[in-house]
Amino acid sequence: MPAKARFPNDILATMKKEKIMGIRAGTDSSHRVIGVWMVVVERRVFIRSWSMKPRSWWRTFLEDPYGSLFIGDREIPIRAIQTRSERLKDLVSQAYKEKYNTPGSIQYVKEMSRKKSRDTTTELVPV
C-alpha cells in the first residue's frame with residue numbers, strides 16, 4: 001500500500017501559523033470557499049466542525065471527500081478522511097486549545113472538544 005500523501009514543510013509551517021484557512025468542500029464548483037480553523041498534529045492536518053449544519057463542509061465531505069485548500073494564492077486539491085483514532089482526537093483537541101487561545105476563541109474550542117464536534121475530526125491530505 002502506498003504511503004499517504006503529506007503536505008510539504010512550507011505549507012505545514014503556514015498552517016501552523018495562520019488562524020483561518022480557506023477550504024472548498026466537495027468537487028461541486030458552486031460550493032463556496034469558507035474559512036475554517038485547522039491544526040497540525042504529527043505533521044498531519046486536521047479540522048473539526050463546530051456547527052454540523054446540513055450543508056456544512058463536514059457533511060459535504062461525507063458525501064464527496066474531495067475539495068480544495070486555499071493558502072495565499074495557491075489552491076491545493078485535497079481529500080478528507082474521517083478520523084477514528086481516539087488518540088489523534090485527543091491530540092487534535094489539545095492542538096486547538098494551544099492554537100486558538102484568545103478570550104473570544106476559548107468557548108468555541110471548548111465546544112469543539114465535546115463529543116459531537118470531536119466526532120467530526122477530519123484529516124486533510126493533498127491529492
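The lining of the largest pocket is a mix: eight of its residues are nonpolar, six are polar and three are charged. Keep in mind that this is a predicted model, so treat the pocket as a computed feature of that prediction. Its volume comes out at about 500 Å³. Of the 17 residues that line this pocket, I34, G35, V36, S51 and W57 sit closest to the centre.

Which element gives the largest share of that lining? Strand β2 does, with three residues. If you want to find β2 on screen, look at residues 34-36. Helix α4, spanning 103-112, also supplies at least two residues of the lining.

Now move on to the second largest pocket, with a volume of about 200 Å³. Here the lining splits into two nonpolar, five polar and five charged residues. Helix α2, residues 57-63, gives the most to this lining, with three residues. Among the residues you'll meet around this pocket are A25, G26, T27 and D28, along with S30 and H31. P54, R55, R59, T60, E63 and D64 line the second largest pocket too.

Finally, leave the pockets and turn to the inside of the protein. The largest nonpolar core has 32 residues, and M15, M38 and L69 are the ones that touch the most other members. Take M15 as a way in: leaving aside residues up to four places away in sequence, M15 touches F7, M21, V40, V45, I71 and K99. M38 and L69 are on the M15 contact list as well.

Conventions. Residues numbered from 1 in each chain as written. Predicted model: local features only at pLDDT ≥ 70, side-chain atom pairs only at ≥ 80, totals over all residues. Heavy atoms only, no water. Core = buried A, V, L, I, M, F, W, Y, C linked by side-chain atoms within 4.5 Å. Buried < 20%, exposed > 50% of the residue type's maximum accessible area, 1.4 Å probe, protein only. Contact = heavy atoms within 4.5 Å. 1 Å grid on protein atoms, 1.4 Å probe; cavity = no way out; pocket = protein on both sides within 12 Å on 5 of 7 lines; lining within 4 Å. Points joined across faces, edges and corners; volume = space filled by probe spheres on them. Helix = DSSP H or I, 4+ residues; strand = E, 2+ residues; numbered from the N terminus. Nonpolar A, V, L, I, M, F, W, Y, C, P; charged D, E, K, R; others polar.
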